[in-house]
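User: Please take a close look at the surroundings of the ligand in this model, and then follow one strand pair and a residue within it. I would like a single connected account rather than a list.

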Amino acid sequence: MSLRDLDSLYIAPTYKRFPVALVRGEGSLVWDEDGKEYIDLGTGIAVNTFGYSDAVWAEAVTSQLHTLQHTSNLYTSGPCALLAERLCTLTGMKKVFFSNSGAEANECAIKAARKWAAEHNGPEYSTIVTLKNSFHGRTLTTLAATGQDHFHELFQPLTPGFVHVAAGDVGELEKAFAENKVAGILIECVQGEGGVMPLDPDYALQVERIARRENALLMVDEVQTGNGRTGELYAYMGYGLHPDVVSTAKGLAGGLPLGATLLGERAEYVFGYGDHGSTFGGNPVCCAAALSVLGRLDGPLLAGVRAKSEWIREALAGVPGVKGVSGLGLMLGIATEKPAGEIAARCLEKGVLVLTAKDKVRLLPALNIPDELLHRAVGILKDVIAE
Ligand SMILES: Cc1ncc(COP(=O)(O)O)c(C=O)c1O
């Protein structure tokens, strides 16, 4: 039986897969089981920060694998402590809780906000405000946080205590604070799954101002936008925000499962013994991978992300069939006249992997994709859009 037959027989069909089985990758190139080559502009949805099987990353991972693959969180582990220090030094945050995914990083953020607000404002301050069209994960609580009704329908009752407001509407946000006892507000600087929609910078600053005034925590979900993706180390830095809690995952460990919830000064001491935990959270191999990734996200690399982004925008400007390009850095959404799904399918046939988000074609290439491959892939994408 082929891999794809096994997949459809034995794997719960929750994913609408593209009709290929990928078996091997190198940088921004990947091959399927028939040996067909693709240029990858998706990085496993913003995960493979430096592409497939990057040599520096693989060396960091394998060296840690041969040293110590796991220890429980009852002991100190070197990579975990070093990574927490690196994250705090880079961001000014004070403490880190490690988990395994974006949803878990957000669960931890929500727990932090509820406990912090209960202790500082009273136990009735439990409401979490999030934005309409947001995406925060698939657990029942992060689904409740996600401001898109269609994700909620089949899974009632969700965790109570979430209110969704329209991004950009300060009046609606003020109303949410007036009508609820709010613990915190959770935002994405660019709504990725919501169609690559950047938050208006003035609105983002208003959110921070109102959260401060109301003594609520400002939480930024950097699961998709984080770790260099938008051309800043974390997108909130470009927005000039000072979040109390930052969640991240996806690209942090460059292809291994790792989530991190960063706690700033106000929330530094929110958790005590027994308040939270995760068996695999802070796994030494994943942390060694993340140390390697973060070590390379320096000024020139981030400048390269911004330059590649600019190049893509220029290359797509005025192309027949392109209605507009949204996003930041190498997190871009292309509004097209033809359905995005059709474009993704046609690109696949022509050897380019792209993603979709809502009605847009979504690009999330490796941060170090060689220009030659990027230019070739965007050339094919342009032809497909204009076909
Ligand atoms: C902004 C955001 N938050 C949370 C998540 C959930 O992350 P995970 O799939 O690792 O649980 C995602 C995934 O797409 C995301 O884009």
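Analyst: In the classes used here, Ala, Val, Leu, Ile, Met, Phe, Trp, Tyr, Cys and Pro count as nonpolar, Asp, Glu, Lys and Arg as charged, and the others, Gly among them, as polar. The model is a predicted one, and in it the shell around the ligand has seven polar, four nonpolar and three charged residues. These 14 residues surround the ligand, and the closest are Ser101, Gly102, Ala103, Val223 and Gln224. Helix 5, spanning residues 102-120, gives the most to this shell, with three residues.

Turning to the strand pair, strand 1 (residues 22-26) and strand 2 run antiparallel and are joined by four bridges; one pairing sets Arg24 against Trp31, its bridge partner in strand 2. The two strands form a hairpin with two residues between them, and in the turn Gly27 has a positive phi of about 60°.

Val30 has its place in strand 2, which covers residues 29-32. Because 24 other C-beta atoms lie within 10 Å, Val30 is buried, the cut-off for that class being 20 or more. Leaving aside residues up to four places away in sequence, Val30 touches Leu22, Gly25, Tyr38, Asp40 and Tyr52. Across a span of 322 residues along the chain, the C-alpha atoms of Val30 and Val352 are separated by 9.6 Å.

Terms used. Residues numbered from 1 in each chain as written. Predicted model: local features only at pLDDT ≥ 70, side-chain atom pairs only at ≥ 80, totals over all residues. Near = placed C-beta within 6 Å. Buried ≥ 20, exposed ≤ 12 C-beta atoms within 10 Å, placed from the backbone. Contact = placed C-beta atoms within 7 Å. Pairing = 2+ DSSP bridges.
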